[in-house]
Amino acid sequence: MIAVLGSANLDLVVTVDRAPGRGETVTGRTFTTVPGGKGANQALAAARAGGDVTLLGAVGDDEFGRRIAALLTASGVDVSGLAVNELPTGTAHITVDGTGDNSIVVVPGANGTVARLTDAHRTAIDAAEVVLLQLELPLPLVEEAAAYARSRGVRVMLTPAPAVPLPPSLLAAVDVLVPNEHEAVLLAGVADPVAAARALAASGDVVVTLGARGALRVNGATTTDVPAFAVEAVDTTAAGDTFAGVLAVGLAAGLEWPDALRRASAAAALSVQRPGASSSMPDRGEIDAFLAE
Ligand code: ADP
């Protein structure tokens, strides 16, 4: 099993020709609502790829939370560890302007209340082969979960996003760190992403994702290229979450690293060819068919 401890949000997306200035009102073009949050995204990607997945976190007792839970359940994610509490479901308020640039306000809401590891979290972690973490829940909780999983011999995978400086004790408890190049550079304080990955690999595996250039796995002194598949990208939203979720499925199933990485790259390549986050994630059959081409 894969235990994902992470955020669940509803993304409220507005498109405008030009973003409003201070005190200004503009008329928008479109409005859409899309379930998101890195925890929910990674859980969905992993479940679609055939993983046995539980999402641990919280939503509010509201329409947004029920919608997210329904989508996760329909994709086979166990949501019994997704608490329903008194704050509203987390939201991301996203304005995309005519040039494709965006500005985002995130309100953590219920996500911010997941402050301590509960007995239910511990039970789920005990049953998992891999615990998948990101940084959209309070940092002390992420630290506690990583330390607990490590103490139980459960593999810890962390996507360090949004990027913040991390305590060395957290990095030391992580078996597989999956930053994108921006996050790797910020975490290591080294300008070159490859050198950054090498600096971060002291305590385990680092897989740094490089967008259309693929990824690199660094393990000790060994660096392995993970080529991207050549595809026509239309929307790279959640490519990294798809990659991480599917990598977790491969590692939890006991695949060798090269096979697990190839499946993660294939799933991410499929996802960038379709718009949206959750709506773009491939299922296991699509990944198999793509790899057989
Ligand atoms: P993030 O979304 O976290 O910034 P990246 O942009 O690095 O992550 O993408 C994650 C992975 O998705 C890459 O390692 C690669 O395998 C795949 N990917 C991203 N963009 C493309 C693309 N244009 N073509 C093919 N694969 C891609």
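# Working through a predicted model

Of the 16 residues around the ligand, those that come nearest are Asn-180, Thr-209, Gly-211, Gly-214 and Gly-240. Keep in mind that this is a predicted model. Grab the structure and let's go.

## Exercise 1: The ligand and its shell

Task: Find which polar backbone atoms lie by the ligand's oxygen atoms, then describe the shell around the ligand.

Solution:

1. Start at Gly-211: a polar backbone atom there sits 2.8 Å from an oxygen atom of the ligand.
2. Move on to Gly-214, where a backbone N or O atom is 2.9 Å from a ligand oxygen.
3. Now try Gly-240, which has a polar backbone atom 3.0 Å from an oxygen atom of the ligand.
4. Next, look at how much of the ligand is covered. On its own the ligand exposes 550 Å², and the protein buries 84% of that.
5. Which elements give two or more residues to the shell? They are helix H8 (239–252) and helix H9 (257–272).
6. Finally, sort the shell by class: you get 10 nonpolar residues, 6 polar ones and no charged ones.

## Exercise 2: The two faces of helix H3

Task: Work out which residues of helix H3 are buried, and where they sit around the helix axis.

Solution:

1. Go to helix H3, residues 119–126, and pick out the buried residues: His-121, Ala-124 and Ile-125.
2. Those buried residues lie on the same side of H3, because they cover an arc of only 100 degrees around the axis.
3. Here's the background: an α-helix has 3.6 residues a turn, so residues three or four places apart point the same way.
4. Flip to the face of H3 turned away from its buried side, and you'll meet the exposed residues Asp-119, Ala-120 and Thr-123.
5. What do the buried residues of H3 pack against? Their partners are strand E1 (2–5), strand E4 (53–60), strand E8 (130–133) and helix H4 (139–151).

## Exercise 3: Leu-56, seen from strand E4

Task: Decide whether Leu-56 is buried or exposed, and list what it touches.

Solution:

1. Locate Leu-56 in strand E4.
2. Leu-56 counts as buried because its relative accessibility is 2%, and the cut-off for buried is under 20%.
3. Skip residues up to four places away in sequence, and Leu-56 touches Ala-3, Val-4, Leu-5, Gly-6, Gly-81, His-121 and Ala-124.
4. Two names on that list should ring a bell: His-121 and Ala-124 are among the buried residues of H3.

## Exercise 4: Three more buried residues

Task: For Leu-44, Thr-91 and Ala-201, say where each one lies and what it contacts, leaving aside neighbours within four places in sequence.

Solution:

1. Leu-44 belongs to helix H1 (residues 38–48), and its relative accessible area of 2% makes it buried.
2. The contacts of Leu-44, beyond its sequence neighbours within four places, are Leu-71, Leu-72, Ser-75, Val-77, Ser-278 and Met-281.
3. How far is Leu-44 from Gly-57, C-alpha to C-alpha? The two are 13 residues apart in sequence and 14 Å apart in space.
4. Thr-91 is part of strand E6 (residues 90–96) and counts as buried at 8% relative accessibility.
5. Check the side chain of Thr-91 too: a polar contact of 2.9 Å joins it to the side chain of His-93.
6. With neighbours up to four places away set aside, Thr-91 is in contact with Asn-9, Leu-10, Leu-12, Phe-64, Val-105, Val-106 and Val-107.
7. Ala-201 sits in the loop between helix H7 (193–200) and strand E11 (205–209). With 5% relative accessibility, Ala-201 is buried as well.
8. Under that same neighbour rule, Ala-201 contacts Val-206, Val-218 and Gly-220.

## Exercise 5: Backbone details in two loops

Task: Find out what the backbone does at Pro-162 and at Ala-238.

Solution:

1. Pro-162 is in the loop between strand E9 (155–158) and helix H5 (168–172).
2. Look at the peptide bond leading from Ala-161 to Pro-162: the bond is cis, with omega near -5 degrees.
3. Now jump to Ala-238, in the loop between strand E13 (222–226) and H8.
4. Ala-238 isn't a glycine, yet its phi is positive, at about 65 degrees.
5. Is Ala-238 buried or exposed? Ala-238 is buried, with a relative accessible area of 13%.

Methods: Residues are numbered from 1 along each chain as its sequence is written. This is a predicted model: local features need pLDDT of at least 70, side-chain atom pairs count only at pLDDT 80 or more; totals for chains, interfaces and linings use all residues. Side-chain values use heavy atoms; hydrogens and water are left out. A residue is near a molecule or strand if one of its heavy atoms lies within 4 Å of it. A polar contact is a pair of N or O atoms within 3.5 Å; within protein, one must be able to donate a hydrogen and the other to accept it, and residues adjacent in sequence count only if both atoms are side-chain atoms. Accessible areas come from the Shrake-Rupley method with a 1.4 Å probe; for residues, only the protein chains shown count as cover. Ala, Val, Leu, Ile, Met, Phe, Trp, Tyr, Cys and Pro count as nonpolar, Asp, Glu, Lys and Arg as charged, and the others, Gly among them, as polar. Buried means under 20% relative accessible area, exposed over 50%, partly exposed in between (1.4 Å probe, protein chains only). The arc is that of the directions from the helix axis to the C-beta atoms. Contact means heavy atoms within 4.5 Å.
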